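Student: Could we go through the charged pairs in this model together, and then look at one of the helices? I have the file open now.

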Amino acid sequence: MFQLYRGQKLAHGGPMLAVREPFEISMLEVDFAELSDAGRVRVGNEDYLGHVAPETPDRARSHGWLFAVADGVGGHEKGEIASRAAIEALLEGFREASKAQPLSGLLQSLVRKANTRVLEAGMNSGMATTLVVCALRHDRAVVAHVGDSRCYLIRQQEAMLLTRDHTVASEHVRLGLLSDDDVAEAETRHILSRSLGTGLSVSAEINDHQVFPGDVLLLCSDGLHGALSLEDIAGVVSGMEDLDIAARKLVTLANDRDGSDNVTAQLVRIQNVERVGMYRGRPYKLR
């Protein structure tokens, strides 16, 4: 069965939770919860999140689901404008996309559209944002990201990172100039090497994963992953039936450990999948 949730969010700036009204059709089944909090120190919230749920079985087959988290930078409300502009452009583009577009190419074009929207909103003000996006269709999860917002996969009580931070420290690790152990103390760990809004063009890093029933995907800002380990994330999410409670627990734990930054968590559980193959560019159901 395929379970849709029409999400509604409370006013931006404080905690945001999806209000879920389920109805079922026969396909992929997905459950989700999302929460964004300003943290214990900052007055405003420069994180922003959003999702697109298919409204019909045909739409589920041709487009699927979309989830996204952005973390704005710039201060004085500029970061909030940047993250919201990026998410709104992304969701709008996904809804308007033509049928059955390959998800990898679609996400790359949508990230570029979001970058343009942030540039237009900023008017050379210097604001920017990170972005992590996950599109789900059939039995695939395609993840695109720019910056240091992350996507994790929690499977069989273990959490694994699906993204690579676009920070100066991370690039130094890739080049062999820093070890993995040095990153946590590096002064450059929060300096972005790639973001939306800082140039006319941007390239998202994209990867594709097969998903299985029971898998949980976590999209989050650095206010969460900077305070929690892989073991923390796996421990909270694994075996938790209610994703709303899990999202609240992740955000609360991050605030208790640190709380100096905005904290955003988006949890997506795969209940069932529809396995498909490809023949001459068209998907067909596998028995």
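Student: Which residues are linked in a network of salt bridges?
Tutor: Bearing in mind that this is a predicted model, the network of salt bridges links Glu92, Glu96, Lys113 and Arg117.

Student: And how many salt bridges does the count come to?
Tutor: The count comes to 14 salt bridges, and among them is the pair of glutamate 88 and arginine 84, whose closest N and O atoms are 2.8 Å apart.

Student: Where do glutamate 88 and arginine 84 sit relative to each other?
Tutor: Both belong to helix H2 (residues 78-96), and because they are four residues apart there, about one helical turn separates them. As a general point, an α-helix has 3.6 residues a turn, so residues three or four places apart point the same way. Glutamate 88 is partly exposed, with a relative accessible area of 34%, and arginine 84 is partly exposed too, with a value of 38%.

Student: What about aspartate 256, which residue does it form a salt bridge with?
Tutor: Aspartate 256 pairs with arginine 40, with 3.1 Å between the closest N and O atoms. Aspartate 256 lies in helix H8 (residues 243-257) while arginine 40 lies in the loop between strand E4 (29-37) and strand E5 (47-52), so this salt bridge ties together parts that are 216 residues apart in sequence.

Student: Are those two buried or exposed?
Tutor: Aspartate 256 and arginine 40 are both exposed. For another pair, take arginine 42 and glutamate 46, whose side chains meet in a salt bridge at 3.8 Å, N to O: arginine 42 counts as partly exposed at 39% relative accessibility, whereas glutamate 46 is buried, with a relative accessible area of 12%.

Student: Back to H8, what covers its buried residues?
Tutor: The buried residues of H8 include Leu243, Ala247, Leu250 and Val251, and what covers the buried residues of this helix includes E4, strand E13 (216-220), helix H6 (222-225), helix H7 (230-237) and strand E14 (263-272).

Student: Which residue caps the N-terminal end of H8?
Tutor: Aspartate 242 caps that end, with a side-chain oxygen 2.9 Å from the backbone nitrogen of aspartate 244. Just after H8, glycine 259 takes a positive phi of about 80°.

Student: Changing topic, what does the side chain of aspartate 165 make a polar contact with?
Tutor: The side chain of aspartate 165 makes a polar contact with the side chain of arginine 150, at 2.7 Å. Aspartate 165 lies in the loop between strand E11 (158-161) and helix H4 (168-174), and aspartate 165 is buried, with a relative accessible area of 14%.

Note on methods. Residues are numbered from 1 along each chain as its sequence is written. This is a predicted model: local features need pLDDT of at least 70, side-chain atom pairs count only at pLDDT 80 or more; totals for chains, interfaces and linings use all residues. Side-chain values use heavy atoms; hydrogens and water are left out. Helices (H or I, at least four residues) and strands (E, at least two) are DSSP runs, numbered from the N terminus. Buried means under 20% relative accessible area, exposed over 50%, partly exposed in between (1.4 Å probe, protein chains only). A polar contact is a pair of N or O atoms within 3.5 Å; within protein, one must be able to donate a hydrogen and the other to accept it, and residues adjacent in sequence count only if both atoms are side-chain atoms. A salt bridge is a side-chain nitrogen of Lys or Arg within 4 Å of a carboxyl oxygen of Asp or Glu. Contact means heavy atoms within 4.5 Å.
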